[in-house]
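Work through the exercises below with the sequence and the model in view. Each task is followed by its solution.

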Amino acid sequence: MERTLAIIKPDAMGAGKAGKILAHLETSGFRVCALRMMRLTEAQAGAFYAVHRGRPFYESLVRFMTSGPVIPVVLEAENAVARLREVIGATDPAEAAEGTIRKLYAGSKERNAIHASDSPKAAAEEVSFFFPQEALVDPEG
Ligand code: ATP
Ligand code: MG
């Protein structure tokens, strides 16, 4: 079993799609290990996306990610990191495959409904960015 991190982004929260996105994730075979709802500070959003600092979309991305609440979610499945990237679809919803979360719920390349870790190393770092070890629950009970 592997764990990864998703974040339901402010556009999806504002559109009232959090429940549908969580249902989509569960139907796709992921089990929820932890989740919280929060509003990111500018410092948190900037640090989370620090790898993109200096890119032309960085400031706008930080503004977007702090524009409303988000739901970080820890998900568990076999091969969870790669599978979640498949289930969310391409960064730009115009390029995302049919049936993916971004195809279904994203409005633009920036406002694209959901984040997913892009490697096992990033997943471990991103899970601990939002959750202390004791907040992670075994979904099997
Ligand atoms: P995420 O890291 O949020 O899962 P991703 O891995 O598909 O998305 P990244 O390249 O890591 O894509 O970009 C991080 C986020 O920055 C994107 O999800 C999107 O919100 C925004 N973004 C990326 N590229 C652009 C762009 N060219 N124009 C506007 N926003 C962008
Ligand atoms: Mg990314």
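A pocket is, on a 1 Å grid over the protein atoms alone, an open set of points where a 1.4 Å probe fits, with protein on both sides within 12 Å along at least five of seven lines; lining residues have an atom within 4 Å of a point. A volume is the space filled by probe spheres set on the points, which are joined across faces, edges and corners. This is a predicted model, in which local features need pLDDT of at least 70 and side-chain atom pairs pLDDT 80 or more, while totals for chains, interfaces and linings use all residues. Residues are numbered from 1 along each chain as its sequence is written, ligands are numbered from 1 in the order in which they are written, and side-chain values use heavy atoms, without hydrogens and water.

**Exercise 1.** State what volume the largest pocket has and which residues lie nearest its centre.

Step 1: the volume is about 540 Å³.
Step 2: of 21 lining residues, Tyr-49, His-52, Phe-57, Leu-61 and Thr-91 lie nearest the centre.
Step 3: helix 3 (42-48), strand 4 (114-116) and helix 7 (120-130) each give two or more residues to this lining.

**Exercise 2.** Find the polar side-chain contacts (N or O pairs within 3.5 Å) of ligand 1.

Step 1: an oxygen atom of ligand 1 is 2.8 Å from a side-chain N or O atom of His-52.
Step 2: for Arg-102 the corresponding distance is 3.0 Å.
Step 3: a polar side-chain atom of Asn-112 lies 2.8 Å from a ligand 1 oxygen.

Note on methods. Polar contact = N/O pair within 3.5 Å; in protein donor to acceptor, adjacent residues only side chain to side chain. Helix = DSSP H or I, 4+ residues; strand = E, 2+ residues; numbered from the N terminus.
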